[in-house]
Amino acid sequence: MPKQLEKIMTNIRKTNLPTKNDPKKPVAVWKDKARNNDRPINCLNIILRTTGCSWGRESGCTMCGYIYDSTEKTTVKDLKKQFDIAINKHEEQTKYIKIFTSGSFLDDEELPQEAREYILQKTSKTGVEILGVESRPEFITKDKIKKAREYIPEFEVGLGIESTDNQVLNETINKNSSYKEYKTAIQKIHDAGGKVKAYLMLKPPLLTEKEAINDTIRSIKTVAKENVDKISINPCNVQRGTLVEQLYNKKQYRPPWLWSLLEILKQTNDQPTNIISDPVGGGKERGAHNCGECDTHILNTINHYSLHQEKKYLDKPECDCKTKWKTTLENEAKSHRIYTGCK
Ligand code: SF4
Ligand SMILES: [Zn+2]
């Protein structure tokens with residue numbers, strides 16, 4: 001099965017990889033609020049256009065289309081220019097900067113050391129309290145974390161752990177890393193004084209809604225034992241050029257219900273770490289959604305919870321579609337799966 005998934009993803013990539021994205025402009029820059037040290041603070045989000053995730057370029061995870069934002073080639077000069085454009089949007093009250101590369105900030109091929117140090121140096125001059133980045137586990141070394149910490153008081157590494165179940169990682173996501181590798185990475189980051197934000201994927205393809213809820217709850221409890229600093233639940237959304245999109249087009253995949261996300265937040269509120277979620281495409285057909293009537297209300301509840309961690313509002317939302325969601329949990333057939341071997 002894992003080899004079969006790997007092959008499917010390799011074929012999908014072959015026909016979709018981009019060639020024309022401008023290496024001199026960042027993919028996106030925007031501001032919002034995010035939680036850090038138990039309070040909401042202003043945040044500047046930056047997506048740099050790099051050559052993208054090394055695994056995503058070769059084959060990649062079944063739900064991930066971020067590689068299509070990448071470019072074939074960048075130079076250190078391009079990357080510095082992109083960062084200059086983005087950091088210009090920083091304002092004094094912004095205390096959190098998140099840099100995404102649609103890949104790994106700590107991969108020297110994707111972001112050469114010279115560009116990384118330039119970014120760290122410029123970020124340190126903004127007076128932010130925390131810089132968040134993302135990386136696959138194989139690129140994480142204690143030296144790189146220590147280096148970053150010379151510039152920034154808090155350096156947070158986001159790890160796309162997705163699930164702590166290796167069967168889910170191999171047979172539905174094609175992650176090409178095991179949970180053990182993530183555990184080692186968590187240890188290295190903590191040993192070097194960094195912080196860890198663990199991303200978990202709610203409802204990768206080939207799981208029923210109920211299996212997906214159970215997998216995320218189990219994963220939250222397992223990851224929380226490693227004393228990670230934050231857990232972010234990413235409900236799967238349908239991205240272009242992915243296996244998830246192919247299944248969605250054949251009506252063999254529905255993104256998770258927002259009720260499922262709410263249920264997970266309720267059941268894990270006692271965990272010793274902040275649990276947050278900012279569903280990409282939430283309320284839309286290709287993102288986590290309910291019936292359309294109650295989506296905005298539930299998304300606001302989730303957003304409020306992510307910023308304030310107040311459990312009392314999680315029970316408030318009600319809508320007739322909850323019955324349909326419950327029926328789905330009870331009756332969803334497993335026959336829609338195209339692969340055997342999944343749990
Ligand atoms: S989910 Fe992460 S590891 Fe997987 S292909 Fe996308 S960027 Fe790479
Ligand atoms: Zn509804």
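A cavity is a set of grid points where a 1.4 Å probe fits but cannot get out, and its lining residues have an atom within 4 Å of a point. The structure used in these exercises is a predicted model.

**Exercise 1. Cavities**

Find how many cavities of 30 Å³ or more there are, then describe the largest cavity.

*Solution.*
Step 1. Rolling a probe the size of a water molecule over the atoms shows where empty space is left.
Step 2. The count is two cavities of 30 Å³ or more.
Step 3. The largest cavity has a volume of about 40 Å³.
Step 4. Now list its lining. Lys98, Ile99 and Phe100 belong to it, as do Gly132, Val133 and Glu134. Glu156, Gly158, Lys197 and Tyr199 complete the set.

**Exercise 2. The second largest pocket**

State the volume of the second largest pocket and sort its lining by class.

*Solution.*
Step 1. The volume is about 330 Å³.
Step 2. Twelve residues line this pocket. Nearest its centre lie Lys203, Lys251, Tyr253, Arg254 and Glu332.
Step 3. Sort the lining: five residues are charged, four nonpolar and three polar.

**Exercise 3. The zinc site**

Work out which atoms hold the zinc ion (ligand 2) and what geometry they form.

*Solution.*
Step 1. Find the donors. They are the SG atoms of Cys291, Cys294, Cys319 and Cys321, at 2.3 Å.
Step 2. Read the spacing along the chain: C-x2-C-x24-C-x1-C.
Step 3. Check the angles. Among the four donor atoms they run from 103 to 113°. Four donors count as tetrahedral if all angles lie between 85 and 135 degrees. The site is therefore tetrahedral.
Step 4. Check two donors for exposure. Buried means under 20% relative accessible area. Cys294 has 6%, so Cys294 counts as buried. Cys291 has 40%, so Cys291 is partly exposed.

**Exercise 4. Ligand 1 and a salt bridge**

List the shell around ligand 1, then find the salt-bridge partner of Arg136.

*Solution.*
Step 1. The shell consists of Cys53, Gly56, Gly60, Cys61, Met63, Cys64, Arg136 and Lys175.
Step 2. By class, four of these residues are nonpolar, two polar and two charged.
Step 3. Follow Arg136. Its side chain meets that of Glu138 in a salt bridge, at 2.8 Å from N to O.
Step 4. Compare the partners. Arg136 is buried because its relative accessibility is 6%. Glu138 comes to 42%, so Glu138 counts as partly exposed.
Step 5. Widen the search. The whole structure has 21 salt bridges. One salt bridge joins the side chains of Glu150 and Lys147, at 3.5 Å from N to O.

Note on methods:
Residues are numbered from 1 along each chain as its sequence is written. Chains are lettered from A and ligands numbered from 1 in the order in which they are written. This is a predicted model: local features need pLDDT of at least 70, side-chain atom pairs count only at pLDDT 80 or more; totals for chains, interfaces and linings use all residues. Side-chain values use heavy atoms; hydrogens and water are left out. A residue is near a molecule or strand if one of its heavy atoms lies within 4 Å of it. Ala, Val, Leu, Ile, Met, Phe, Trp, Tyr, Cys and Pro count as nonpolar, Asp, Glu, Lys and Arg as charged, and the others, Gly among them, as polar. Donors are N, O and S atoms within 2.8 Å of the metal (3.2 Å for Na, K and Ca); water is not among the atoms, so sites may look incomplete. Four donors count as tetrahedral if all angles lie between 85 and 135 degrees; four count as square planar and six as octahedral if opposite donors are over 155 degrees apart and all others between 65 and 115; anything else is irregular. Buried means under 20% relative accessible area, exposed over 50%, partly exposed in between (1.4 Å probe, protein chains only). On a 1 Å grid over the protein atoms alone, a cavity is a set of points where a 1.4 Å probe fits but cannot get out, and a pocket is an open set with protein on both sides within 12 Å along at least five of seven lines; lining residues have an atom within 4 Å of a point. Grid points are joined across faces, edges and corners, and a volume is the space filled by probe spheres set on the points. A salt bridge is a side-chain nitrogen of Lys or Arg within 4 Å of a carboxyl oxygen of Asp or Glu.
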